[in-house]
Amino acid sequence: MKKENNKKFYIKTIGCQMNKSDSERLSAFLEGNGYKETSKRNEADLIFINTCGVRQSAEDRIYGLIPGIKRENPNAKIILTGCLVNRTDVRRRIEGSVDLWFPIVDLFNLDKELNKIWDINFNKNDDNFSCRDDYLKVSPKIDSSFSALIPIGNGCNNFCSYCVVPYARGREKYRPVKEIIKEIRDLVKIGYKEITLIAQNVNSYSSSSTDFSDLLKKVNDIEGNFWIRFITSHPKDMSDKLINTIATCEKICSHIHLPAQSGDNKILEAMNRKYTIEHYKKLILKIRKKCSLKKFILQEDLLPVSISTDLIVGFPGETKKQFENSKKLFKEAKYDLAYTAQYSPRYGTTAYKLEDNVGKKEKERRENELLNILKKTAETNNEKYLGKRVLVLVEGKNKKGFYNGKTCTYKNVNIIENNKKIEKGEFIMVKIIKTMDFGLEGVLI
Ligand code: SAM
Ligand code: SF4
């Protein structure tokens, strides 16, 4: 039985979907042990900071955040988790301000660890959490009422030379199929409409002879009215089998996020990405050919698949000519969306030893050039939506008071409708009447 204690906790999450999902599990675990979540930082007894170390800018947020917390709520215990937990240099810098450095994979030991910093011996709830071998077994307290992030595993084996994730999260470890399917089935039963499978590298999923494509098929077979997304796919593991599965399963959304990181073979090699740009471009063509105009759950006009990417500018030694190849890639791939990043040296990675010799101004210039190409390709792609009837999953209302949501192709849609009440998490049919570079406008059908 759940026992109460009168302590409150607050969680600040920085970074990716995986961190967001970890925070949902952390929150559920604490509530299972009698703590209460608060949205007010100044009234919390425990303040968790779920950190990101992917770029220096994310790391720097911690250095600004902690003094602010100390001023506002000096008695709160500060607990640091996430990507920065194992970084000795970070520890040295803020050791005195942090009460507990807590790796999220130790979630089942959190109660014990808190007892050490906290004078009270709060009541444990061992009935709920008797299994102590894998933190992903904890049922999360999901933030949204209709959209759920489902981690299918944790960690990364790829060691891209610029990336801190394999050091921060350790080696890949995947959850058993049964556990994943049960979690999704339970959520669909209570009305969840969007299931997003997440891992650093979803398509290297493997568990008792089930690969990611098999897993997607099993999720697709779950009865109910919902759609499936997944991030992130690695180009080296994007098999024909997986592309065919995406093309044929009617609940899988027509949006593929396929990070290229660079358009130049020399840079890709230095990044340790393990594919060539020719391989990557062939994948894009295959995906466009196979996955466009696919039949989707509820009837709507058929849509071209949308493709997005991540790309780093200013990797050590990236010449202007090599950057031109990234521009060429952007023009050829005709992305719908891209997350561009200026290279940020990360302590402990292989690239950290290389000279960060592309200046800040030049990185900014390169990033802007890519964003200008992206705006054009996204705008041209969106023009194909004009007059189309599309299915939209409603997410809420925007600042102008219009309902908004997303298509299966991950396009933002503003719905011009003020009279009818639409529920968050509802699938609705919309006719597109206006298109922009990163958004669409439509009316209810
Ligand atoms: N696993 C995914 C993949 O292989 O594409 C990416 C995960 S990583 C946490 C998210 C993105 O952050 C990367 O795709 C990359 O573009 C960016 N990133 C990672 N390390 C970076 C660095 N040192 N500097 C700039 N951007 C970086
Ligand atoms: Fe980082 Fe590369 Fe792993 Fe992605 S695949 S998390 S970029 S090491």
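How many aromatic pairs does the structure hold? The count is 9, and one of them opens the notes below. Keep in mind throughout that this is a predicted model.

1. **An aromatic pair to look at.** Phe29 and Phe108 pair edge-to-face, with 6.3 Å from centre to centre and 80° between the planes. The two rings bring together distant parts of the chain, 79 residues apart: Phe29 belongs to helix H1 (residues 17–32), while Phe108 is in the loop between strand E5 (100–101) and helix H4 (110–117). Buried or exposed, these two? Phe29 and Phe108 are both buried.

2. **Domains.** The domain assignment splits the protein into domain 1 (8–130), domain 2 (139–383) and domain 3 (389–444). Going by C-alpha atoms, the centres of domain 1 and domain 3 are 36 Å apart.

3. **Around ligand 2.** Which residues are around ligand 2? Three cysteines are worth picking out, Cys156, Cys160 and Cys163, and with them come Asn158, Phe159, Tyr162, Val165, Pro166, Gln200, His234 and Arg273. By class, the shell divides into 7 nonpolar residues, 3 polar and 1 charged.

4. **A salt bridge inside H1.** The structure has 33 salt bridges, and a few deserve a look. Side chains of opposite charge can pair when their charged atoms come close. Lys20 and Glu24 do this at 4.0 Å, N to O. The two are 4 residues apart in helix H1, so about one helical turn separates them. Their surroundings are worth checking too: Lys20 is partly exposed because its relative accessible area is 33%, whereas Glu24, at 6%, counts as buried.

5. **A salt bridge from H1 to H5.** Helix H1 turns up again here. Asp22 meets the side chain of Arg169 in a salt bridge of 2.9 Å, N to O. This pair links distant parts of the chain, with Asp22 in H1 and Arg169 in helix H5 (residues 165–169), 147 residues apart. Both Arg169 and Asp22 are buried.

6. **Neighbours in sequence, and a network.** Lys236 and Asp237 also form a salt bridge, at 2.9 Å from N to O. What is the exposure of each partner? Asp237 has 21% relative accessibility and therefore counts as partly exposed; Lys236, at 28%, is partly exposed as well. Elsewhere, salt bridges with shared partners tie Glu318, Glu324, Lys327, Glu362, Arg365, Arg366 and Glu369 into one network.

7. **Lysines over tyrosine rings.** Two contacts of this kind are worth a look in the viewer. The charged end of Lys397 sits over the ring of Tyr403, at 5.0 Å from its centre. Lys406 lies over the face of Tyr410, also with 5.0 Å to the ring centre.

8. **Two C-alpha distances.** Start with Ile184, a residue of helix H6 (residues 177–189). Ile184 counts as buried because its relative accessibility is 0%. From its C-alpha to that of Ile117, 67 residues apart along the chain, is 36 Å. Then there is Asn33, in the loop between H1 and strand E2 (36–37). Asn33 is buried too, with a relative accessible area of 3%. Asn33 and Asn5 are 28 residues apart along the chain, and 8.0 Å separates their C-alpha atoms.

9. **A cis peptide.** Where is there a cis peptide bond? Check the one from Ile231 to Thr232, where omega is near 0°. Thr232 lies in the loop between strand E12 (227–231) and helix H8 (240–248).

10. **Positive phi at two serines.** Ser208 is not a glycine, yet has a positive phi of about 30°. Ser208 is placed in the loop between strand E10 (206–207) and strand E11 (210–211). Ser209 also has a positive phi, about 60°, again without being a glycine, and this serine too is in the loop between E10 and E11. Why do both count as exposed? Exposed means over 50% relative accessible area; Ser208 has a relative accessibility of 64%, and Ser209 one of 77%.

Methods
Residues are numbered from 1 along each chain as its sequence is written. Chains are lettered from A and ligands numbered from 1 in the order in which they are written. This is a predicted model: local features need pLDDT of at least 70, side-chain atom pairs count only at pLDDT 80 or more; totals for chains, interfaces and linings use all residues. Side-chain values use heavy atoms; hydrogens and water are left out. Domain bounds come from an automatic or database domain assignment. A residue is near a molecule or strand if one of its heavy atoms lies within 4 Å of it. Ala, Val, Leu, Ile, Met, Phe, Trp, Tyr, Cys and Pro count as nonpolar, Asp, Glu, Lys and Arg as charged, and the others, Gly among them, as polar. Rings of Phe, Tyr and Trp (its six-membered ring) pair if their centres lie within 6.5 Å; planes under 30 degrees apart count as stacked, over 60 as edge-to-face and the rest as tilted. Buried means under 20% relative accessible area, exposed over 50%, partly exposed in between (1.4 Å probe, protein chains only). A charge sits over a ring if NZ of Lys or CZ of Arg is within 6 Å of the ring centre and within 35 degrees of the ring normal.
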